[in-house]
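The questions below are meant to be read slowly, with the sequence and the model side by side. Try each one yourself before you read the answer.

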Amino acid sequence: MSSTLITRIGTLVTNDPALGDGGPLGLIEDAALVLDGGTVAWAGRAADAPDADERHDACGRAVIPGFVDSHSHLVFAGDRTAEFNARMSGRAYSAGGIRTTVAATRAASDEELEANLTHYLDEALRQGTTTFETKSGYGLTVADEARALRIAARHTEEVTYLGAHIVSPDFAEDPAAYVALVTGEMLDACAPHARWVDVFCEKGAFDGDQARAVLTAGMAKGLVPRVHANQLTYGPGVQLAVELDAASADHCTHLTDQDVDALASGSTVATLLPGAEFSTRAEWPDARRLIDAGVTVALSTDCNPGSSFTSSVPFCVALAVRDMGMTPDEAVWSATAGGAAALRRTDIGRLSPGARADLAVLDAPSHVHLAYRPGVPLVREVWRRGTRAV
């Protein structure tokens, strides 16, 4: 693979404070990058750039690390337009609407599920997402959960077993039996295809004891925990995530002071999903409170057909700045390096030597335009593993 010099970068976000200014963003003005063998070989001022086999002119545009979307639900069929329409007309959101997607997903063929997945992956890529996590959770049978993970694993290494999304409709009268299935036969079938185990710890889904059983069973199979925590109400999800050293506690909308203290004292990332609050007209997570307490925060889309049907990380960045108390710098960091932290990855989410050469070129001179110009398709180019993909 030949090396490429991307030069005349207006503002380069490296997410490496040692390389530039701007605190954690490590900003370099009038910058350049050298990509070699799918990794970043050099980053600095354009005037100091070494030679490379090829040159690419960024024409004064900003360059940022590719977005790391650490929370999505992309293996599904159908949509929930009617539910969204009713919700925008005044009906409250609850966890039960997932059953509609379960029915459609079970009825779909493998080919239909994969075509749907790749459609949304392509959509996300065009908006700058170069790494994504995705989950099962819309099959809720042994066969359907396993096939969802097999399909997902063909497209990403960040695959999450979410058999505990809700209690399967088939076990509505016996939730304990469903938990036994999720922690037994279903886990055995799914664990070989996944890296992570997740649970929706929420009223209407799984309580603290059930969530603990699911996560510890997955950990015994070598899966790393992450938790849907404290989205709809105050509950035990965040405390459980920190206790089990989960990679992330996702949503974190309703937090006590004890929850914030627990996150600040542990290594669990708080992954905030503003698309869900936008789509459900729910209370916004307080990112400012978390950041000021020293919590590591990630921003992701939660792309799913029910509560957050967006694949756009730039949209989520704008929401986080407008409604969650984040600065533009914090939001961009959380959507890149924060997402990498939520996946416990050090090779992505930054543009410094040795990192994977995943980046987005913005049709703007600064990353701040992602929040400054909401809704505008600013991502002009996307490079993944050193090769231009968009």
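**Reading a predicted model**

Q: Is Val 179 buried or exposed?
A: In this predicted model, Val 179 has a relative accessibility of 9%. Buried means under 20% relative accessible area, and because 9% meets that cut-off, Val 179 counts as buried.

Q: Where is the place of Val 179, and which residues does Val 179 touch, not counting residues up to four places away in sequence?
A: The place of Val 179 is in helix 5, which covers residues 175-182. Once residues up to four places away in sequence are not counted, the residues that Val 179 touches are Phe 206, Gln 210 and Ala 213.

Q: How do helix 3 and helix 4 lie with respect to each other?
A: The axes of helix 3 (residues 110-126) and helix 4 (residues 142-153) come within 10 Å and cross at roughly 45°. Angles under 35 degrees count as roughly parallel and those from 65 to 115 as roughly perpendicular, and the crossing is therefore described by another word, so that helix 3 and helix 4 are called oblique.

Q: Which residues make the contact of helix 3 with helix 4, and how many of them are charged?
A: Helix 3 contributes Asp 110, Leu 113, Glu 114 and Leu 117, while helix 4 contributes Arg 147, Ile 151 and Ala 152. When these residues are divided by type, four are nonpolar, none is polar, and the number that are charged is three.

Q: Which helix gives the largest share of the largest nonpolar core?
A: The largest nonpolar core has 87 residues, and those with the most contacts inside it are Tyr 161, Leu 263, Leu 290 and Leu 299. The largest share of this core amounts to six residues, and these come from helix 4.

Q: Which residues does a second, separate core of 16 residues include?
A: Apart from the largest nonpolar core, there is a second, separate core, and this one has 16 residues. Among them are Ile 28, Leu 351, Ala 357 and Leu 359.

Q: What is phi of His 251 near?
A: His 251 is found in strand 13 (residues 248-251), and at 2% relative accessibility His 251 counts as buried. Although His 251 is a residue other than glycine, its phi has a positive value, near 100°.

Q: Is Arg 385 buried or partly exposed?
A: Arg 385 lies in the loop between strand 17 (379-384) and strand 18 (387-388), and it has a positive phi of about 50° although it is not a glycine. Because its relative accessibility is 42%, Arg 385 counts as partly exposed.

Key:
Residues numbered from 1 in each chain as written. Predicted model: local features only at pLDDT ≥ 70, side-chain atom pairs only at ≥ 80, totals over all residues. Heavy atoms only, no water. Axes fitted to C-alpha atoms, helices over the stretch in contact; angles between N-to-C directions. Helix = DSSP H or I, 4+ residues; strand = E, 2+ residues; numbered from the N terminus. Parallel < 35°, antiparallel > 145°, perpendicular 65-115°, else oblique. Contact = heavy atoms within 4.5 Å. Nonpolar A, V, L, I, M, F, W, Y, C, P; charged D, E, K, R; others polar. Core = buried A, V, L, I, M, F, W, Y, C linked by side-chain atoms within 4.5 Å. Buried < 20%, exposed > 50% of the residue type's maximum accessible area, 1.4 Å probe, protein only.
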